[in-house]
Amino acid sequence: MCGIIGYIGKSEAAPILLEGLRRLEYRGYDSAGLATLNGGLSIRKCKGRIANLAELIAREPICGSIGISHTRWATHGGVTDENAHPHFDQSGKLVLVHNGVIENYQTLKEALAAEGHQFKSQTDTEVLAHLIGKHYDGIGGGATRKRLVEAVRKALKEVTGTYGIAVMHEDVPGVLVGARRGSPLVLGIGKGENFLASDVSAIVGHTREAVYLRDYDIVSLDGEDFEISTLNGGASGFEISKVELTEDDVSKGSYPHYMLKEIFEQPDSLANALRGRLSLEESTAKLGGLNMTPTELRNIERIVLTGCGTACHAAMAGEYLLESLAHLPTEVEFASEFRYRNMPMNKDTVVFAISQSGETADTLAALRESQRKGHRTLGICNNVASTIARESDGGVYMHAGPEIGVAATKSFTSQVTILTLLGLLLGRIRHLSTSEGIQIMEELQAIPEKVRSILKQSDYIKTIAEKYSYAKAMMFLGRQFNYPVAMEGALKMKEISYLHAEGHPSAELKHGVIALISPEVPSVFIAPDDSVYDKNISNIEEVKARKGPVIAIGTEGDTKLAKVADDVIYIPRCPDYLSPLLTVIPLQLFAYHLAVKLGCDVDKPRNLAKSVTVE
Ligand code: F6R
């Protein structure tokens, strides 16, 4: 949510910053801006995409080898040129870019206004720029790096809320200052140049070393060196990490969209989620990252799974999986509700925070709330350097590779795979026999190839998507393991095609939803050949009786489904509990092709941003 990149070195900053912003655009894309320092400050900012900013800079060039830039997802203040970052302080000598929310900005703004500060935007960020500027001027003395860091420190001590910031000051020309609390910020270490960025993908072409800053870290950097301290002025225990990501990892390759690339990566991302985690000798899963002994695993009495959006749908699938494979009471709660709900949890409840980015504000808050109550809290994350990965008591990494398309795809299947491994591990400790364990492992190992075979139907799914692109709304219906998939299919459709879509358990139709069925409202039934197959067929008949078109996801070899549904997409046969890993693939492709047909910006849907780091 909002992307920041700063550069200090010997090269021209603007091209490097624009390139970095393009890589960060998935974090927010309603406006963008860039400032450089070259004697004085120059600033360019405007509404719209990075392409608009690049055009503006081409018309009105900007130079200097130090600069900061930002791509915005609006929180406070509408989408206007004035509200785009960077923002100046009162003196006009300091500029700041910010990711996060300053919750007490109104109080601070009133106090500053009473002292004569004048604001040009409606943003909380401008207030922070003024506050830092005020402290800089107040500290007095020569223009030094120390003075700027001190001003940032003083201002941040007055702030409540979240921030990842980059600051530069005309009077301290060889220095950038960054700080974070709640919003990610990475220091990229180059040769004769250094970087600040919200995400390492922005600087991957320039550096192989990075420091993932921690909450309350303040960093000052010049082209050669950097210093990191804490908000209280103490030393920060930072570590330099190797950047494993490559430019190829963060490029679209030959695909027209990241989303399609990521859908097609699933045979590999699923193989990666399984790699090294299946023990033939013990016929169970090995999840060493949980940091739990067999006795501790045995003592778990209840599991709570939490996350947001797609991660929450994966958690719902996990609920069915853990109950059926491990016979463990499992509950799912939206992280945004968990954090404020006072859920009674006995002491042997283990909480899993599920998050692709590992930075989602609500999921992080749920993790902290659970830890505060003394529960073991584990993470299922993709981003290994993320806050959730760092703060959890252990966990399992997805190893799915970067997910850049705003709509989550491969992270969903990786999350469900990991929850299946967890079900296998906990089930084998409890009641599953060796042969049952081996059977689950064999079925799991077959999944990546089965996914590959579904992907071969992409063109066929495209024709179906185009056929139904007239729809005014769509229903997604499934039962048991595939109820969460219905929710996920509807979410994919809504977010990238802007079509009204609803996901429901098939049997809930009769309790109200059926009133929406009409020839303009097609229903997508997830009806593999499982224990609820006949029930789904009856629900399909009910929709057909009301002239609702039906697209069904069924199992290869099923001849009955084609007789009741208008169109059928087949998946290979698999056990009921693994079917979400297969049934979701046609739904991802269906939403993708339909959105492309409608001319939507698939990778950057309106109003959305990847990684929601504000509440
Ligand atoms: C949907 C989507 C979002 C995310 C949600 C959680 O396609 O991308 O619903 O799933 O914002 O994000 P993470 O997993 O990063 O916590």
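Visitor: What makes the approach between the ligand and Ala 408 a polar contact?

Guide: In this predicted model, an oxygen atom of the ligand is 2.8 Å from a polar backbone atom of Ala 408. A polar contact is a pair of N or O atoms within 3.5 Å, so this pair counts as one.

Visitor: Which side chains have an N or O atom that an oxygen atom of the ligand approaches?

Guide: Among them are Ser 357, at 2.6 Å, and Glu 495, at 2.4 Å. Both distances are within 3.5 Å, so these pairs are polar contacts too.

Visitor: How do you know how much of the ligand the protein buries?

Guide: By comparing areas. The ligand taken alone exposes 400 Å², and the protein buries 87% of that.

Visitor: What kind of space does the ligand take?

Guide: The ligand takes the space of the second largest pocket. A pocket is an open set of grid points, so this space is open rather than a closed cavity.

Visitor: Which elements give two or more residues to the shell around the ligand?

Guide: Those are helix H9 (309-326) and helix H16 (483-497).

Visitor: Which residues come nearest to the ligand?

Guide: There are 14 residues around the ligand, and Ser 355, Gln 356, Ser 357, Thr 360 and Glu 495 come nearest. To be counted as near, a residue needs a heavy atom within 4 Å.

Visitor: How is that shell made up by class?

Guide: The shell has 6 nonpolar, 6 polar and 2 charged residues. Glu counts as charged, so Glu 495 belongs to the charged class.

Visitor: Which domains each give at least three residues to the shell?

Guide: Domain 2 (252-455) and domain 3 (457-603) do.

Visitor: Away from the ligand, why is the peptide bond from His 85 to Pro 86 called cis?

Guide: Its omega is near 0°. Pro 86 is found in the loop between strand S4 (66-72) and strand S5 (87-88).

Visitor: And what is the phi of Ser 283?

Guide: Ser 283 has a positive phi of about 45°, although it is not a glycine. Ser 283 is in the loop between strand S15 (278-279) and strand S16 (284-285).

Conventions: Residues numbered from 1 in each chain as written. Predicted model: local features only at pLDDT ≥ 70, side-chain atom pairs only at ≥ 80, totals over all residues. Heavy atoms only, no water. Polar contact = N/O pair within 3.5 Å; in protein donor to acceptor, adjacent residues only side chain to side chain. Areas by Shrake-Rupley, 256 points an atom, 1.4 Å probe, with all protein chains shown as cover. 1 Å grid on protein atoms, 1.4 Å probe; cavity = no way out; pocket = protein on both sides within 12 Å on 5 of 7 lines; lining within 4 Å. Sits in = over half its atoms within 2 Å of the grid points. Helix = DSSP H or I, 4+ residues; strand = E, 2+ residues; numbered from the N terminus. Domains from an automatic or database assignment.
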